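This report describes a model in plain terms. Look over the sequence and the structure first, then read on.

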Amino acid sequence: MTNLGAENELEIIRRILAGEKQLFHELIRPCERPVYFMLMGILKNETEAEDAAQDTFIKAYRNLHLFRGDAQFRTWVVSIARNEALGRLRKLDSRREDSLDPGSYTGSDEPAGDFTPAILTSWREIPVETVVREELAVLLREAIAELPEIYRNVVLLRDIEEMDIRQTAAALDITEGAVKVRLHRARALLQKSLAPKLKGFAPQRRVWFGRRT
Amino acid sequence: MRIDCKHVWEHISAYIDGEVDPSLRAEIDRHLETCEICSAVLDSTRNVVVLIADERVFELPAGMSERLHKRLDEEMNTEPPNPDHSTS
């Protein structure tokens, strides 16, 4: 996935504001996925999410002169998307506001749920090529869709879009500590729901992957 | 003091991200050497993380990007990016 360097990003933004408008198309390409999946996760409707994505990028374009460069451009756009989604949701269904309020997070309001992992001693690594199997992709998407909102957003940005902890915290307007706690719980929930189902995809031999740290 | 399985599970996410301090990491590694259950939990959690990062699991709807850029072109043709500062 292409990601413009921070200096490049600021230079491109400067040029767009100076009149090279077409460069905006290139600027937003790395943002399309995180924006869409953030919107989809909250709005749960493809048409609505696509419409909200268009509005998000138009808002980003109109307000580009307000971008200060103290965060990555992608982080800034994702936070616009999140606000766009929450605004739409409030219009659609005010009853859901409570569960979506990220500002009140303190760490103590987390459900004291059972995070005991699924124990499967025979379960081993899965070769990445099996992911092309739509069946597996469906399982993964379903498990993520079933996560509580606050956990899903963190997984989307951190594990799916591979934003770092600082960027994820900035995009969701929560603390870095909250990102870590939610990510841990989200992964534990995913392991618990997915490990038994993924067992059928396990290969004969063990394969290791590299993983960013 | 030896750490127990529950303690290991609490740190699995940070362990995967390389964010536990070296002494705790060493404790966890020692535990993993002898605990097949925790090794399997670690393997499966790490795999979930690797699998969901695959771009093919989450794909944008067909044509979405084209429609977005078309709409942006329409916007750009009518609006400068910085309407308040267009004279600068």
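## Helices of chain A

Along its sequence, chain A runs α-α-α-α-α-α-α-α-α-α. That is 10 helices and 0 strands, where helices (H or I, at least four residues) and strands (E, at least two) are DSSP runs numbered from the N terminus. The model is predicted, so local features need pLDDT of at least 70 and side-chain atom pairs count only at pLDDT 80 or more, while totals for chains, interfaces and linings use all residues. Residues are numbered from 1 along each chain as its sequence is written, and chains are lettered from A and ligands numbered from 1 in the order in which they are written.

The model has an ipTM of 0.80 and a pTM of 0.73. For chain B the mean pLDDT (the predictor's confidence in each residue, from 0 to 100) is 87, and 89% of the residues reach 70 or more.

Chain A has 213 residues, and 38% of them count as buried. A residue is buried if 20 or more other C-beta atoms, placed from the backbone, lie within 10 Å of its own, exposed if 12 or fewer, and partly exposed in between.

Helix H7 of chain A covers residues 134-145. Its 12 residues should span 16 Å at 1.5 Å a residue (1.5 Å times one less than the number of residues), and its end C-alpha atoms are 16 Å apart, which agrees. Which residues of H7(A) are buried? They are Leu136(A), Leu140(A), Ala143(A) and Ile144(A). Seen down the axis, they fall within an arc of 100 degrees, so they line one face of the helix; the arc is that of the directions from the helix axis to the C-beta atoms. These buried residues pack against H8 and H10 of chain A and H4 of chain B. On the other side of H7(A), the exposed residues include Glu134(A), Glu135(A) and Val138(A).

The axes of H9(A) and H10(A) come within 8 Å and cross at roughly 100 degrees. That makes the two helices roughly perpendicular, a term for angles of 65 to 115 degrees.

Most residues other than glycine have a negative phi. Two residues of chain A that are not glycine have a positive one:

| Residue | Phi | Place | C-beta atoms within 10 Å |
|---|---|---|---|
| Glu162(A) | about 55 degrees | loop between H8 and H9 | 14 other atoms, partly exposed |
| Asp173(A) | about 60 degrees | loop between H9 and H10 | 13 neighbours, partly exposed |

Conventions:
Two residues are in contact if their C-beta atoms, placed from the backbone, lie within 7 Å. Axes are lines fitted to C-alpha atoms, for helices over the stretch in contact, and angles run from 0 to 180 degrees between N-to-C directions. Angles under 35 degrees count as roughly parallel, over 145 as roughly antiparallel, 65 to 115 as roughly perpendicular and the rest as oblique.
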